[in-house]
Amino acid sequence: MEGSINILLLSLLLILSLAQGGLTNPNCAKFYQDNKDSSTLQVIHVDSPCSPLKQQQNAHSLSWVDSVLQMQNKDTNRLQFLASLVAGRSFVPIASGRQILQTPTYIVRAKIGTPPQPLLVALDNSNDFSWFPCGGCVGCSTNVFSYDKSTTFSNVSCERTSCGLVPRKDCDAATCTFNLTYGGSSVGGTLSSETLAFTTDPIPEFLFGCVKKISGSNTPPQGLLALGRGLLSFISQSESLYKSTFSYCLPSYKSPNFSGTLRLGPNGQPQRIKTTPLLRNPRRSSFYYVNLVGVKVGKRIVDIPPSAFAFNSNTGAGTIIDSGTVFTRLVEPAYTAVRNEFRRRMGRNTTVTSLGGFDTCYTVPITIPTITLMFAGMNVTLPQDNFLIKSSSSSTTCLAMAASPADPVNSVVNVIASWQQQNHRILFDVPNSRVGVARETCS
């Protein structure tokens with residue numbers, strides 16, 4: 001009973017804080033209400049008007065240009081993180097001083113402990129290690145898990161096999177500890193066990209990082225739910241319940257409504273959905289690789305060398321679907337070909353400008369209606385909202401894609417990012433080795 005009262009009080013306080021911030025949209029309240037569907041969670045973007053993190057950390061609204069540059073900075077750091085996973089280093093990027101919110105960018109509400117405590121967690125389908133800020137943490141935000149108030153919490157000993165799976169493990173009085181480096185900052189804590197629940201399904205003895213200390217000037221504002229494919233990930237630990245299957249529909253980051261969802265388990269997933277084979281790469285075992293074979297701009301298939309999309313388990317080359325990167329990155333030969341065809345379709349008489357890392361921007365209406373991503377076994381046709389970023393205060397519009405960084409790891413990887421995934425149901429069906437995509441409006 002006490003746990004239910006605590007959840008209700010926190011929900012009311014969060015809703016009141018949103019209302020005080022001028023957000024009267026009743027759809028925001030859905031985020032703080034328990035869902036009767038035991039396998040479906042509601043999802044919002046951290047920059048959404050419904051996000052409490054937006055209210056807590058971004059009191060001063062940014063201009064459109066600054067917002068775009070901020071998201072690009074997030075992607076730079078995100079790609080460094082993806083590269084670190086290949087190299088086997090425990091590096092997670094911290095944002096620059098001008099950045100307010102960290103990647104990944106979509107959050108859901110979890111319940112942890114006995115009695116259950118509500119906690120906001122970020123979705124990351126390229127990470128294997130979930131972690132949550134715990135009470136008494138030095139440098140953490142106020143959104144923490146009070147483990148001392150739970151009857152089911154315990155620390156994991158160094159002798160357990162799972163201790164060998166955590167980043168930079170160590171021992172403190174026989175307790176398994178970890179340390180993650182966030183650029184110039186660090187996050188440390190203990191490997192712990194606790195009951196975790198989303199809506200009505202409890203997962204007992206869930207292993208996660210209980211964060212006790214964060215040093216540095218920039219800190220992630222919420223915990224992280226790891227949806228990758230590793231042994232410590234949420235997907236692996238909940239396999240008996242959800243059968244290593246999940247899907248999400250990501251709403252627009254500016255959506256005033258609340259309708260994005262994370263659906264866990266095979267039940268309730270779309271029956272009629274286009275799919276492509278899911279590939280596994282031992283060098284990047286966390287990632288969801290798929291076989292991208294081509295790109296169409298309008299109705300024309302762009303001339304791209306097959307090597308740009310070729311899957312290679314030795315080098316890590318290929319294409320991944322990532323929820324934490326904002327804008328799609330294509331390896332340089334593929335991006336250059338797509339960009340040039342885009343410019344050709346716009347006409348020689350139009351003036352091309354740039355904005356930060358976007359090199360194809362215009363101040364006239366875009367005449368290209370669609371871009372199609374061609375995968376083995378399926379085509380995904382993107383409407384303009386999924387490949388353009390448009391200014392709300394001026395006439396500037398940019399192609400919302402860029403070339404992969406030139407570093408040795410990322411230069412061979414194509415990343416299908418969240419901007420291109422918005423308003424689509426993305427299904428990850430590990431037992432059947434497939435990824436599905438279906439158009440679904442959730443903004």
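This presentation concerns one internal cavity and a strand that contributes to its lining.

The structure is a predicted model, in which local features need pLDDT of at least 70 and side-chain atom pairs count only at pLDDT 80 or more, while totals for chains, interfaces and linings use all residues. Residues are numbered from 1 along each chain as its sequence is written, and side-chain values use heavy atoms, with hydrogens and water left out.

Let me begin with the cavity. A search of the whole structure finds four cavities of 30 Å³ or more; a cavity is a set of points on a 1 Å grid over the protein atoms alone where a 1.4 Å probe fits but cannot get out. The second largest holds about 80 Å³, the volume being the space filled by probe spheres set on the points, which are joined across faces, edges and corners. Its lining residues, those with an atom within 4 Å of a point, include F375, L382, Q420, H424 and I426. Strand 21, strand 22, helix 7 and strand 27 each supply at least two of them; helices are DSSP runs of H or I with at least four residues, and strands are runs of E with at least two, numbered from the N terminus.

I turn now to strand 27, residues 424-429. Six of its six residues are buried, so the strand is largely enclosed by the rest of the structure; buried means under 20% relative accessible area with a 1.4 Å probe, protein chains only. H424, I426 and F428 lie on one side, and R425, L427 and D429 on the other.

Finally, the pairing, which requires at least two DSSP bridges between two strands. Strand 11 runs antiparallel to strand 27, joined by five bridges, with S247 partnering L427. Strand 28 pairs with strand 27 in the antiparallel sense over six bridges, and H424 stands opposite R439.

Technical notes:
1 Å grid on protein atoms, 1.4 Å probe; cavity = no way out; pocket = protein on both sides within 12 Å on 5 of 7 lines; lining within 4 Å. Buried < 20%, exposed > 50% of the residue type's maximum accessible area, 1.4 Å probe, protein only.
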